[in-house]
Amino acid sequence: MKYLLLIPDGAADEPQAALNGRTPLEAAHTPAMDALAARGRVGRADHVPPSLPPGSEVACMSLLGYDPLTFFTGRAPLEAAAQGISLGPDDWAVRCNLVTIVDQDGQSVMEDFTAGHISSEEARELLTASQAGLAKDFPELAASWQFVPGVSYRNLLIHRGQPGDASPLGNELRTVPPHDLMDKPVIDAFPRGRGSRFLSEIMAASERWLAEHPVNVARRAAGQRPATHVWLWGAGKAPAMPSFADLHGVSATMITAVDLLRGLASLSGWKRREVQGATGYLDTDYAAKARAAIEELESADLVCVHVEAPDEASHQGDTAEKIAAIERIDALIVAPLVKHLQGCGDHRILICPDHPTFLSTKTHSRGGVPYVVAGSGIPADSAVAYGESAALAGPLTDPGWELMNEFLRTNVAGG
Ligand SMILES: [Zn+2]
């Protein structure tokens, strides 16, 4: 049996007045997905437990079949895994954004959580300066805390612990993602919980470390946003995820342009296939992803294609772009892969977004997402199109992480 999992990130949404009460998935012209619905089953799954943030880090873990309540430890450890940084049992990873915080009417306000999409090279220099600042201002801590450059504004702070040492951060530590603070005051958004004072002190001190750095001087002179601070969030230890092959006896390959998914793939023992032209944005090369998936299906039992574009369009509040992204996924990924798999013998296809991303709020939401599953051994239900309305009439998988089990088991329950 060959399995294809397609994750159109954030594709689920609400009915839109501008679309005559249809959702973007329903309004989009998606003949390939609708054909799957007609010969398969449409239902709902909820991938975000109430106690966890409604993001891809939690929802995609669930989609891969891992209970987030058991395995989710934070976002930064997933990104560390994506970068090939392995964490020991006493280590912590903390996400470290370079951000632009400005003074507005006497308040410190998050102007840009990307520091003007600062280049990786500039970020690297600023993190070197931050490491020097740490050594100077916190000499007793500098040896065990390391700023690790990543891509652009997305960097990490890694703690290397020693067995028997007290953990510097608590599991109950709460932090605020900087993208949730856009144009808002940051004063109440500093970390809370054990270890939060140290993290807050670093964030505050980074203003001094970075203010007159030549990178920032040059950016200001060029009319670009300076990186005024490091913003620390998403802290966690390495999650202890059992390998997917051990759990299911199925080998799997991940195709994505997003680090969280790369990290999840690494931690669950999946192969990662990088695709030239896969950007993680609206302009991603959809057809290249489909070609890569077809190649990977030669050797892997299961291939996951993750496409970030619908989520990006939703964050921009752009209805037309969201529909266009869904239509490109249908025409350039679903259609060719269905055609290919039909020549491959037994196979199953599951399409499921991770979480809804509402055009109305431009952000992730909680609640069920529609899925369609079709292929060998899966009886048709009454659905004739893929979308939220059809899904409401189908079964609900909650907790959503059980959907992977249903997908892989031979006897899928009828709708
Ligand atoms: Zn997502």
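Val 42 stands opposite Val 372 in strand E14, and this pair makes a good place to start walking through the model, which is a predicted one. The two strands concerned are E2, covering residues 41-45, and E14, covering residues 369-375; they pair in the antiparallel sense over five bridges.

Step back from that pair and a wider sheet comes into view. Eight strands form this open sheet, in the order E9-E8-E10-E1-E11-E14-E2-E15, and the pairing is mixed. At the edges stand E9 (271-272) and E15 (396-397), each with a single partner strand, so one side of each is left without a neighbour in the sheet.

Now look for the helix that lies over part of this sheet. Helix H13 lies across E1 (2-8), E10 (302-307) and E11 (347-351), and its direction is at about 180 degrees to that of E1. H13 also has a helical partner. In general, two packed helices are described by the angle between their axes and the distance between the axes. For helix H2 (residues 31-39) and H13 (residues 319-342), the angle is about 45 degrees and the axes are 8 Å apart. The two helices are therefore oblique to each other. On the H2 side, the contact is made by Pro 31, Ala 32, Met 33 and Leu 36, while H13 brings Asp 330, Val 334, Ala 335 and Val 338. Sorted by character, the residues of this contact are seven nonpolar, no polar and one charged.

Follow E15 onward and you meet a backbone feature worth checking in your viewer. Asp 398 and Pro 399 are joined by a cis peptide bond, with omega at about 5 degrees. Pro 399 sits in the loop between E15 and helix H15 (402-408). As background, most residues other than glycine have a negative phi, and most peptide bonds are trans.

So far the tour has kept to one part of the chain. How does the domain assignment divide the chain? Domain 1 takes residues 2-72 + 240-408, and domain 2 takes residues 92-236. The C-alpha centres of the two domains lie 33 Å apart.

Let us move to strand E3 (residues 92-104), which pairs with E6 (residues 154-159) in the antiparallel sense over six bridges. Here Asn 97 stands opposite Arg 154 in E6. E3 also runs antiparallel to E4, joined to it by five bridges, and Val 102 stands opposite Val 109 in E4. E3 and E4 form a hairpin with two residues between them, and Asp 105 in the turn has a positive phi of about 50 degrees.

E6 has a hairpin too. Strand E5 (residues 145-151) is joined to E6 by five bridges, and the two run antiparallel. Trp 145 of this pairing stands opposite His 159 in E6. Two residues lie between E5 and E6 in their hairpin, where Ser 152 in the turn has a positive phi of about 55 degrees. Ala 115 likewise has a positive phi, of about 50 degrees, although it is not a glycine. Its place is in the loop between E4 (107-112) and helix H6 (120-137).

Finally, zoom out to the whole chain, with its 15 helices and 15 strands. Its radius of gyration is 22 Å, close to the 22 Å that the globule rule gives for 415 residues, so the chain is as compact as a globular protein of that length. Along the principal axes, the C-alpha atoms fill a box of roughly 65 × 50 × 35 Å.

Notes. Residues numbered from 1 in each chain as written. Predicted model: local features only at pLDDT ≥ 70, side-chain atom pairs only at ≥ 80, totals over all residues. Domains from an automatic or database assignment. Axes fitted to C-alpha atoms, helices over the stretch in contact; angles between N-to-C directions. Helix = DSSP H or I, 4+ residues; strand = E, 2+ residues; numbered from the N terminus. Parallel < 35°, antiparallel > 145°, perpendicular 65-115°, else oblique. Contact = placed C-beta atoms within 7 Å. Nonpolar A, V, L, I, M, F, W, Y, C, P; charged D, E, K, R; others polar. Pairing = 2+ DSSP bridges. Rg over C-alpha atoms; globule rule 2.2 N^0.38 Å.
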